[in-house]
Amino acid sequence: MPTENASAPGGAPVTLYLLHALGASAGSFDRLADQLDGRVRVEGIDLPGFGSLADATDSSIDATVAHVVAHLGRHARGRWVLGGHSMGGKIAALVASRVLRGDAPLVGLAGLVLMAPSPPRPEPMDETRRERMLSWVDGGRISEQDAETFLAQNTARPLEPAAHADAVADLRRTSPEAWRAWLETGSRVDASAEVGTLDLPVLVLAGTDDDDLGAAAQPGLLASVYPRARFVPLDDTGHLIPLERSAEAAEAIARFVDDEVLLGPVVPADWATLIAGDRVDARVRGILNRRAVPDDRGYAPEVLDVAQLTLLREVADLVVPQDGPAIDVAARVDAQLARGEGDGWRSADLPPDPEAYRAGLDTLAAVWPTEPTAREDALRAAIEGTTDAAGPLDAARLKVWLEDVRNDLVRQWLAHPASMARIGYDGFATGGSPIRGFVELRLGRREDWEPAGVGGTVATGDAA
């Protein structure tokens with residue numbers, strides 16, 4: 001089963017779904033989409049009470065999150081990124097947390113792009129300004145004068161005329177109920193416990209002239225939520241980044257996608273559909289979604305040192321050779337060791353796993369060739385117990401340790417849902433309510449619900 005990168009519609013390697021700010025719409029990202037054309041496909045999503053959905057009757061956070069999940073369920077395919085501007089940042093965090101828990105029937109989330117985002121916790125906002133903004137909808141929709149005031153307060157310098165006109169139009173058609181719901185309730189909601197910590201690639205753009213949600217404030221608001229966040233300040237920029245700095249934002253997003261999102265294999269479409277479906281328990285879906293998150297290119301080892309991790313990666317290249325975008329199985333083994341996880345047993349001749357890995361790699365390093373073509377022979381000698389390596393482990397114990405190493409590396413490769421697709425393993429799809437199992441157990445046959453790459457069909461009786 002192939003696991004190559006799937007392209008988004010239009011030829012871009014990934015789609016970025018963006019959630020807009022208070023008083024804006026999906027159209028606020030049009031300039032960003034033009035700047036990223038061919039590199040990243042951008043699709044804005046109107047939220048209830050705004051843009052084309054200004055007449056929606058329920059603009060609560062729960063309804064908004066449900067709307068976004070439903071939209072993504074209809075449109076998100078392959079590898080995709082979720083993003084949010086201001087208010088949309090809080091909604092994006094809630095959606096992402098549900099995807100990584102498996103509660104949302106979605107597969108393929110590879111990162112987040114946030115612009116001056118409202119944090120999961122209550123948004124910092126001057127109460128006098130909040131009351132003034134609430135007064136703007138006392139008599140109905142926002143007036144043109146108040147819309148102009150809002151733009152003046154949230155930009156570092158005047159917008160170009162077309163962008164200014166679009167922003168005023170968005171503000172004036174915003175539902176007063178949605179405006180009030182965010183300022184009175186949504187911005188004050190503390191969703192920190194629900195969102196938790198989201199371990200995936202994140203880009204945070206913020207203006208240096210944004211009072212509450214600017215570049216100076218964002219690390220303190222978000223660093224604990226997004227441990228892999230890349231914070232990028234935009235000089236001479238206020239709060240309305242997509243309208244003020246579309247070109248600069250586009251460049252930062254394109255670099256982020258190239259550096260941190262387009263890593264590792266993509267889960268094939270039919271397997272993604274299976275994982276998102278009702279045969280897979282939410283907990284299992286969440287585990288698979290987290291395993292599919294792109295590896296951290298800048299991963300800092302927790303148990304091994306940098307030299308030891310480098311050597312383990314070179315061993316991994318021989319034990320688990322990968323075609324195309326690779327999974328960083330060595331880094332995943334280091335993380336496994338840091339969590340204290342394993343297969344439940346070890347040889348009595350070896351110390352605990354973290355110590356054994358450090359000792360084994362230091363021993364192997366003494367005879368490890370700098371020439372890549374000679375490394376296979378060095379590894380084979382160590383596996384067979386005939387190595388001349390001298391170090392913390394003798395040849396016999398090094399041989400035993402390498403049995404564990406090979407097992408760990410292969411297990412980490414197999415754990416990725418794209419690898420499961422490649423070997424045709426779908427044994428995880430036995431959940432749901434009621435619990436479902438397999439009926440057709442003959443070699444070379446598959447159930448009607450299984451992806452096409454698994455054997456032949458039950459209905460026709462053909463064999464693969």
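These legends go with a few views of a predicted model, starting with the whole protein and moving in on its aromatic rings.

**View 1. The whole protein, with its 19 helices and 8 strands.** Taken along the principal axes, the box filled by the C-alpha atoms is roughly 85 × 55 × 40 Å. Of the 464 residues, 52% are buried. If you look at contacts between residues at least 6 apart in sequence, 77% of them join residues at least 24 apart.

**View 2. The surface and the charges of the protein.** About 19,800 Å² is exposed, and carbon and sulfur atoms supply 50% of that area. As for charges, there are 45 positive and 71 negative ones, and the mean positions of the two sets are 3 Å apart.

**View 3. Trp136 and Trp179, a tilted aromatic pair.** The protein has 7 aromatic pairs by the ring-centre rule. In the pair of Trp136 and Trp179, the centres are 6.3 Å apart, with 35° between the planes. Distant parts of the chain come together here: Trp136 belongs to the loop between α4 (127-135) and α5 (144-154), while Trp179 is in helix α7 (residues 176-184), and the two are 43 residues apart. Buried or exposed, these two tryptophans? Both Trp136 and Trp179 are buried. They also have company, as Trp136, Phe150 and Trp179 form one aromatic cluster.

**View 4. Tyr357 and Trp401, an edge-to-face pair.** The ring centres of Tyr357 and Trp401 are 5.5 Å apart and the planes meet at 85°; planes over 60 degrees apart count as edge-to-face, so this pair gets that label. Again, the pair links distant parts of the chain, with Tyr357 in helix α16 (residues 353-365) and Trp401 in helix α18 (residues 395-415), 44 residues apart. Why does Tyr357 count as buried? Because its relative accessibility is 1%, and the cut-off for buried is under 20%. Trp401 has a relative accessibility of 1%, so Trp401 counts as buried too.

**View 5. Arg279 over the ring of Trp449.** What sits over the ring of Trp449? It's the charged end of Arg279, placed 3.8 Å from the centre of that ring.

Key: Residues numbered from 1 in each chain as written. Predicted model: local features only at pLDDT ≥ 70, side-chain atom pairs only at ≥ 80, totals over all residues. Heavy atoms only, no water. Helix = DSSP H or I, 4+ residues; strand = E, 2+ residues; numbered from the N terminus. Buried < 20%, exposed > 50% of the residue type's maximum accessible area, 1.4 Å probe, protein only. Contact = heavy atoms within 4.5 Å. Areas by Shrake-Rupley, 256 points an atom, 1.4 Å probe, with all protein chains shown as cover. Lys, Arg positive; Asp, Glu negative; His and termini not counted. Charge placed at Lys NZ, Arg CZ, Asp CG, Glu CD. Phe/Tyr/Trp six-rings, centres within 6.5 Å; stacked < 30°, edge-to-face > 60°. Lys NZ or Arg CZ within 6 Å of the ring centre and 35° of its normal.
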